[in-house]
Amino acid sequence: QVQLVESGGGLVQPGGSLRLSCAASGSIRTINRMGWYRQAPGEQRELVADITSSGSTNYAGSVKGRFTISRDNAKNTVYLQMNSLKPEDTAVYYCDAVAVTTDWMTGNYWGQGTQVTVSS
(Lines give C-alpha, C1' and ligand atoms only; values in the text may rest on other atoms or scores of the structure.)
Protein backbone atom coordinates (compact mmCIF):
# COMPACT_ATOMS: atom_id res chain seq x y z
CA GLN A 1 0.00 0.00 0.00
CA VAL A 2 2.96 2.29 0.60
CA GLN A 3 6.09 2.13 -1.51
CA LEU A 4 9.42 3.79 -0.72
CA VAL A 5 12.00 4.33 -3.45
CA GLU A 6 15.52 5.46 -2.58
CA SER A 7 18.03 7.08 -4.89
CA GLY A 8 21.36 8.85 -4.72
CA GLY A 9 23.76 6.16 -3.57
CA GLY A 10 27.08 5.47 -5.23
CA LEU A 11 30.85 5.48 -4.90
CA VAL A 12 32.55 8.49 -3.35
CA GLN A 13 36.03 9.24 -2.08
CA PRO A 14 36.70 9.86 1.62
CA GLY A 15 35.79 13.42 2.50
CA GLY A 16 33.22 13.60 -0.27
CA SER A 17 29.47 14.12 -0.17
CA LEU A 18 26.34 12.35 -1.30
CA ARG A 19 22.66 13.16 -1.05
CA LEU A 20 20.15 10.35 -0.66
CA SER A 21 16.48 10.76 -1.46
CA CYS A 22 13.51 8.58 -0.59
CA ALA A 23 10.07 9.17 -2.07
CA ALA A 24 6.97 7.56 -0.61
CA SER A 25 3.92 6.81 -2.73
CA GLY A 26 0.70 4.82 -2.57
CA SER A 27 -2.35 4.97 -0.36
CA ILE A 28 -0.95 7.52 2.05
CA ARG A 29 -3.05 9.57 4.40
CA THR A 30 -0.16 10.92 6.41
CA ILE A 31 3.43 10.05 7.20
CA ASN A 32 4.58 10.44 10.77
CA ARG A 33 8.21 9.54 11.25
CA MET A 34 10.70 9.02 8.40
CA GLY A 35 14.20 7.76 8.82
CA TRP A 36 17.39 6.37 7.37
CA TYR A 37 19.08 3.18 8.53
CA ARG A 38 22.22 1.49 7.28
CA GLN A 39 23.63 -2.00 7.31
CA ALA A 40 27.25 -2.86 6.64
CA PRO A 41 28.31 -6.43 5.77
CA GLY A 42 28.24 -8.62 8.84
CA GLU A 43 26.69 -5.90 10.95
CA GLN A 44 23.23 -5.22 12.29
CA ARG A 45 21.06 -2.56 10.76
CA GLU A 46 21.44 0.69 12.66
CA LEU A 47 19.59 3.97 12.80
CA VAL A 48 21.39 6.82 11.09
CA ALA A 49 18.84 9.60 11.51
CA ASP A 50 15.13 10.17 11.69
CA ILE A 51 12.72 13.08 11.49
CA THR A 52 9.16 13.62 12.63
CA SER A 53 6.41 15.29 10.65
CA SER A 54 7.02 18.49 12.61
CA GLY A 55 10.73 18.45 11.80
CA SER A 56 12.29 17.16 15.00
CA THR A 57 15.45 15.25 14.20
CA ASN A 58 17.56 12.58 15.82
CA TYR A 59 21.04 11.41 14.77
CA ALA A 60 23.38 8.57 15.56
CA GLY A 61 26.44 9.86 17.35
CA SER A 62 28.74 8.64 14.58
CA VAL A 63 27.13 10.91 11.98
CA LYS A 64 26.20 13.95 14.06
CA GLY A 65 27.66 17.09 12.53
CA ARG A 66 28.31 15.40 9.17
CA PHE A 67 24.86 14.21 8.04
CA THR A 68 21.65 16.22 7.79
CA ILE A 69 18.18 14.73 7.45
CA SER A 70 15.32 16.78 6.02
CA ARG A 71 11.92 16.15 4.50
CA ASP A 72 9.42 17.68 2.13
CA ASN A 73 5.99 16.80 3.49
CA ALA A 74 4.24 17.96 0.33
CA LYS A 75 6.28 15.47 -1.71
CA ASN A 76 6.36 12.70 0.95
CA THR A 77 10.11 12.69 0.49
CA VAL A 78 12.97 12.46 2.95
CA TYR A 79 16.57 13.39 2.23
CA LEU A 80 19.92 12.58 3.79
CA GLN A 81 22.77 14.95 3.03
CA MET A 82 26.02 13.19 3.85
CA ASN A 83 29.21 15.25 4.08
CA SER A 84 32.76 14.42 5.14
CA LEU A 85 32.14 10.78 4.32
CA LYS A 86 34.40 8.15 5.84
CA PRO A 87 35.12 4.56 4.76
CA GLU A 88 33.18 3.36 7.81
CA ASP A 89 30.06 4.97 6.36
CA THR A 90 30.07 2.30 3.66
CA ALA A 91 26.81 0.36 3.88
CA VAL A 92 23.46 -0.23 2.29
CA TYR A 93 21.22 2.66 3.33
CA TYR A 94 17.53 2.01 3.85
CA CYS A 95 14.69 4.47 4.14
CA ASP A 96 11.77 3.77 6.42
CA ALA A 97 8.50 5.51 7.12
CA VAL A 98 5.70 5.18 9.62
CA ALA A 99 2.63 5.95 7.57
CA VAL A 100 -1.12 6.01 8.02
CA THR A 101 -2.92 4.74 4.92
CA THR A 102 -6.18 5.95 3.47
CA ASP A 103 -7.99 3.10 5.23
CA TRP A 104 -6.55 4.24 8.56
CA MET A 105 -3.97 1.48 8.94
CA THR A 106 -0.63 2.41 10.48
CA GLY A 107 2.44 0.55 9.33
CA ASN A 108 6.21 0.73 9.11
CA TYR A 109 7.42 0.58 5.51
CA TRP A 110 10.91 0.07 4.09
CA GLY A 111 12.66 0.91 0.88
CA GLN A 112 14.79 -1.54 -1.09
CA GLY A 113 18.07 0.05 -0.05
CA THR A 114 20.79 1.95 -1.87
CA GLN A 115 24.51 1.19 -1.70
CA VAL A 116 26.91 3.83 -0.46
CA THR A 117 30.60 3.04 -0.83
CA VAL A 118 33.30 5.37 0.49
CA SER A 119 36.67 4.42 -0.90
CA SER A 120 39.70 5.91 -2.57
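**Entry 1: Terms and model**

I took strands to be DSSP runs of E at least two residues long, numbered from the N terminus. I note that the model is predicted.

**Entry 2: The open sheet**

I began by asking in which order the strands of the open sheet are arranged. I found four strands in the order β1-β3-β8-β7, with antiparallel pairing. At the edges stand β1 (2-7) and β7 (67-72); each has a single partner strand, so one side of each is left without a neighbour in the sheet. I recorded that neighbouring strands of this sheet are turned by 15 degrees against each other on average, direction ignored. For background, I noted that strands of a sheet pair through backbone hydrogen bonds, either parallel or antiparallel.

**Entry 3: Strand β1 and its partner**

I then looked at how β1 is joined to β3 (residues 18-26). The two strands run antiparallel and are joined by six bridges. I looked up two residues of β1 and their bridge partners in β3: Val-2 is partnered by Gly-26, and Val-5 by Ala-23.

Which side chains of β1 are buried, and which are not? I found an alternation along the strand. Val-2, Leu-4 and Glu-6 point to one face and are buried. Gln-3, Val-5 and Ser-7 point to the other face and are not buried.

**Entry 4: Ser-21**

I next selected Ser-21, which is found in strand β3. Is Ser-21 buried or exposed? I recorded a relative accessible area of 19% for Ser-21. The cut-off for buried is under 20%, so Ser-21 counts as buried. Leaving aside neighbours within four places in sequence, I listed the contacts of Ser-21 as Val-5, Glu-6, Ser-7, Trp-36, Val-78 and Tyr-79.

**Entry 5: Salt bridges**

I turned to charged side chains, with a general point in mind: side chains of opposite charge can pair when their charged atoms come close. The count of salt bridges in the model comes to five.

I looked up the pair of Arg-33 and Asp-50, whose side chains meet in a salt bridge at 2.9 Å, N to O. Arg-33 lies in strand β4 (residues 28-39) and Asp-50 in strand β5 (residues 46-51), so this pair ties together parts that are 17 residues apart in sequence. Asp-50 counts as buried, at 12% relative accessibility.

I then followed Arg-38. Its closest N and O atoms with Glu-46 are 2.7 Å apart, and the two residues form a salt bridge. Arg-38 is buried, with a relative accessible area of 6%, whereas Glu-46 is partly exposed at 35%. The side chain of Arg-38 also meets that of Asp-89 in a salt bridge (2.9 Å, N to O). This pair links distant parts of the chain, 51 residues apart: Arg-38 is in strand β4, and Asp-89 is in the loop between β8 (77-82) and β9 (91-101). Asp-89 counts as buried, at 1% relative accessibility.

Which residues are linked in a network of salt bridges? I wrote down Arg-38, Glu-46, Arg-66 and Asp-89.

**Entry 6: Aromatic rings**

I checked the rings next and recorded one aromatic pair as the count. I also looked for charges placed over rings. Arg-19 lies over the face of Tyr-79, at 4.1 Å from the ring centre. The charged end of Arg-45 sits over the ring of Tyr-94, 3.7 Å from its centre.

**Entry 7: Positive phi values**

I closed with backbone angles. Most residues other than glycine have a negative phi, so I looked for positive values.

Ser-84, a residue other than glycine, has a positive phi near 50 degrees. I located Ser-84 in the loop between β8 and β9. Ser-84 is partly exposed, with a relative accessible area of 40%.

Trp-104 is not a glycine either, yet I recorded a positive phi of about 65 degrees for Trp-104. Where is Trp-104 found? I located Trp-104 in the loop between β9 and β10 (106-110). At 61% relative accessibility, Trp-104 counts as exposed, because the cut-off for exposed is over 50%.

Notes:
Residues are numbered from 1 along each chain as its sequence is written. This is a predicted model: local features need pLDDT of at least 70, side-chain atom pairs count only at pLDDT 80 or more; totals for chains, interfaces and linings use all residues. Side-chain values use heavy atoms; hydrogens and water are left out. A salt bridge is a side-chain nitrogen of Lys or Arg within 4 Å of a carboxyl oxygen of Asp or Glu. Buried means under 20% relative accessible area, exposed over 50%, partly exposed in between (1.4 Å probe, protein chains only). Rings of Phe, Tyr and Trp (its six-membered ring) pair if their centres lie within 6.5 Å; planes under 30 degrees apart count as stacked, over 60 as edge-to-face and the rest as tilted. A charge sits over a ring if NZ of Lys or CZ of Arg is within 6 Å of the ring centre and within 35 degrees of the ring normal. Two strands pair if DSSP finds at least two bridges between them. Axes are lines fitted to C-alpha atoms, for helices over the stretch in contact, and angles run from 0 to 180 degrees between N-to-C directions. Contact means heavy atoms within 4.5 Å.
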